Amino acid sequence: MVVSADRLNRSRAGLSIVVPVTRTRRGLPSHVELAPGGTGLHQTSFAKVEDVKSVSQQRFTRRLGVVGPTTCSG
């Protein structure tokens, strides 16, 4: 899940800050549940917020879903 500001995403740096998402429920308090409803995801997933990193935008191949401010539960 891309969490960086559009200003960075559109810069010449070619980087975005992301939070990896998994479908595995591990019961960790740092994993934020993402419901499949309005996200475009096909099943419940979990944002691993303890694993924030910057990645090259060249690694992005397609958009899997969209998370808005009211999408996360917990």
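**Strand 1 and its partner**

I began with strand 1 and sorted its residues by face: S16 and V18 make up the covered face, whereas L15 and I17 make up the uncovered one. I keep in mind throughout that I am reading a predicted model. Looking next for what strand 1 pairs with, I found strand 5, residues 53-56, joined to strand 1 by 4 bridges, and I noted that the two strands run antiparallel. For L15, on the uncovered face, I looked up the bridge partner in strand 5 and wrote down S56.

**The chain as a whole**

I then stepped back to the protein chain, in which I count 1 helix and 6 strands, and reading along the sequence I get the pattern α-β-β-β-β-β-β. For the extent of the chain I took the box filled by the C-alpha atoms along the principal axes, which comes to roughly 35 × 25 × 20 Å. Of the 74 residues, 20% count as buried, and the accessible surface is about 5500 Å², with 50% of that surface belonging to carbon and sulfur atoms. I also looked at the contacts between residues at least 6 apart in sequence, and 51% of these join residues at least 24 apart. On charge, I find 11 positive and 4 negative side chains, the centres of the two sets lying 8 Å apart.

**V19**

Moving on from strand 1, I placed V19 in the loop that lies between strand 1 (15-18) and strand 2 (21-22). Is V19 buried or exposed? I enter V19 as buried, because its relative accessibility is 5% and the cut-off for buried is under 20%. With neighbours within four places in sequence left aside, I list M1, V3, A47, K48, V49 and V52 as the contacts of V19. One of these, K48, I checked by C-alpha separation from V19: the two residues are 29 apart along the chain, and the distance is 6.1 Å.

**T22**

In strand 2 I stopped at T22, which I also record as buried, since its relative accessible area is 14%. Which residues does T22 contact once its neighbours within four places in sequence are left aside? I find S45, F46 and K48, and I note that K48 is also among the residues in contact with V19. A polar atom of the T22 side chain lies 3.1 Å from the backbone nitrogen of T24. I also took the C-alpha separation of T22 and T44, which are 22 residues apart along the chain, and obtained 9.1 Å.

**H31**

My last entry concerns H31, which I place in strand 3, residues 31-34. I class H31 as buried because its relative accessible area is 10%. Where does the side chain of H31 make a polar contact? I trace that contact to the side chain of E50, at 3.1 Å. Not counting residues up to four places away in sequence, H31 touches R26, F46, A47, K48 and E50, so that E50 appears both in this list and as the polar partner. Going back over my contact lists, I see K48 entered for V19, for T22 and for H31, while F46 is entered for T22 and H31, and A47 for V19 and H31.

Note on methods:
Residues are numbered from 1 along each chain as its sequence is written. This is a predicted model: local features need pLDDT of at least 70, side-chain atom pairs count only at pLDDT 80 or more; totals for chains, interfaces and linings use all residues. Side-chain values use heavy atoms; hydrogens and water are left out. Buried means under 20% relative accessible area, exposed over 50%, partly exposed in between (1.4 Å probe, protein chains only). Contact means heavy atoms within 4.5 Å. Two strands pair if DSSP finds at least two bridges between them. Accessible areas come from the Shrake-Rupley method with a 1.4 Å probe; for residues, only the protein chains shown count as cover. Lys and Arg count as positive and Asp and Glu as negative; His and the chain ends are not counted. The place of a charge is taken as NZ of Lys, CZ of Arg, CG of Asp or CD of Glu. A polar contact is a pair of N or O atoms within 3.5 Å; within protein, one must be able to donate a hydrogen and the other to accept it, and residues adjacent in sequence count only if both atoms are side-chain atoms.
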